[in-house]
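Welcome! Please take a moment to look over the sequence and turn the structure around before reading on.

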Amino acid sequence: MTSDIIEQRIRFITYENVYYDIDNDEFNEETDHDIKVDIKPLYNTVVCLSIKEDFADIFASKEFSDVTLVAQDGIELKAHKAILCARSQVFAAMFRNNFEESKTNRIQIDDMDAEVIEEMLKFLYTGNDISEKFAEDLFIAANKYSILDLQTMCENTLINTIKFATVADILLLADRYSNERLKTKAIQVILSNFKTVTETESWKKLCQTDHDLSRLVLDEYAKLLRYNNSSIGTYVEPATRRNSVVSDQSGT
């Protein structure tokens, strides 16, 4: 079958500016049956991108803004109450109830700098991916203001970019906000790279600031040692296991 006949047998459909993407099957000149083409509508994707761009423009222009967010460094950022309320239950509660923010149209944020607040607002307006640089700070902000999709995005970013030098900080963060998935991942990384991690300043700081959490990791490491030793037929006394773990830590 010639290529021009094949082209005639593929129908590309448009309707009221709705465009379609075609996943082409493999064609060859021996094809002698009707060609089945899988048509996927792209209209929704195009609309979503357009909406994101429009809302990004609204945020950038500050036009018709009706609320001011004040960072800990005193820098003020303009926003729109409707967007904040639609994207965050916490912001919605501020303005639906007789809180000070609803009277002054100002939100004082004493634990976040302007750069982090701006990144949070960009996400609220567009839902775009976040930068790894702001993942920890935005994770805290997302929990504070109950921005669930931002929580998930930050969680995934932290998991995918976890590093030995800061994994203990991530563990502390996950424990503080009861994020079991992030906490489990952090513990797994520590156990798999115990000597390296326990030599970091991040780990030493954890041991000083949260004895229960660091003890939890040490207990898990002791279980791991017991499992590994028992699997090769060697039994290690509990006291010996704990002493070896503590010795490893103190030698860092």
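## The overall picture

This protein is built with 14 helices and five strands, and what you see is a predicted model. It has 252 residues, of which 35% are buried.

How do distant parts of the sequence meet? Among contacts with a separation of 6 or more, 56% are between residues 24 or more positions apart. On the outside, the protein exposes about 15300 Å², and carbon and sulfur atoms supply 49% of that area.

## The nonpolar core

Now look inside. The largest nonpolar core holds 60 residues, and L69 and M120 are the ones with the most contacts inside it. Helix 6 gives the most to this core, contributing eight residues.

L69 is a good place to start exploring. Leaving aside residues up to four places away in sequence, L69 touches I75, E76, L77, A79, L84, F91, I107, I109, I117, M120 and L121. M120, the other residue named above for its contacts in the core, is thus among the partners of L69.

## A closer look at helix 8

Helix 8 covers residues 148-160, which makes 13 residues. From its first C-alpha to its last it reaches 18 Å, close to the 18 Å expected at 1.5 Å a residue.

Which residues of helix 8 are buried? They are L150, Q151, M153, C154, E155, T157, L158 and I159. A general rule is handy when reading such a list: an α-helix has 3.6 residues a turn, so residues three or four places apart point the same way. The buried residues of helix 8 pack against four neighbours: helix 6 (114-126), helix 7 (135-144), helix 9 (167-176) and helix 10 (180-192). Helix 6 therefore appears twice in this tour, as a partner of helix 8 and as the element that gives the most to the largest nonpolar core.

## Two loop residues with positive phi

Two residues are worth finding for their backbone angles. F64 is in the loop between helix 2 (43-61) and strand 3 (67-70). Its phi is near 65°, a positive value in a residue other than glycine. Is F64 buried or exposed? F64 counts as exposed because its relative accessibility is 69%, and the cut-off for exposed is over 50%.

S146 sits in the loop between helix 7 and helix 8. This residue is not a glycine either, yet S146 has a positive phi of about 55°. With a relative accessibility of 22%, S146 counts as partly exposed, since buried would require a value under 20%.

Conventions
Residues are numbered from 1 along each chain as its sequence is written. This is a predicted model: local features need pLDDT of at least 70, side-chain atom pairs count only at pLDDT 80 or more; totals for chains, interfaces and linings use all residues. Side-chain values use heavy atoms; hydrogens and water are left out. Buried means under 20% relative accessible area, exposed over 50%, partly exposed in between (1.4 Å probe, protein chains only). Contact means heavy atoms within 4.5 Å. Accessible areas come from the Shrake-Rupley method with a 1.4 Å probe; for residues, only the protein chains shown count as cover. The expected span of a helix is 1.5 Å times one less than its number of residues. A nonpolar core is a set of buried Ala, Val, Leu, Ile, Met, Phe, Trp, Tyr and Cys residues joined through side-chain atoms within 4.5 Å.
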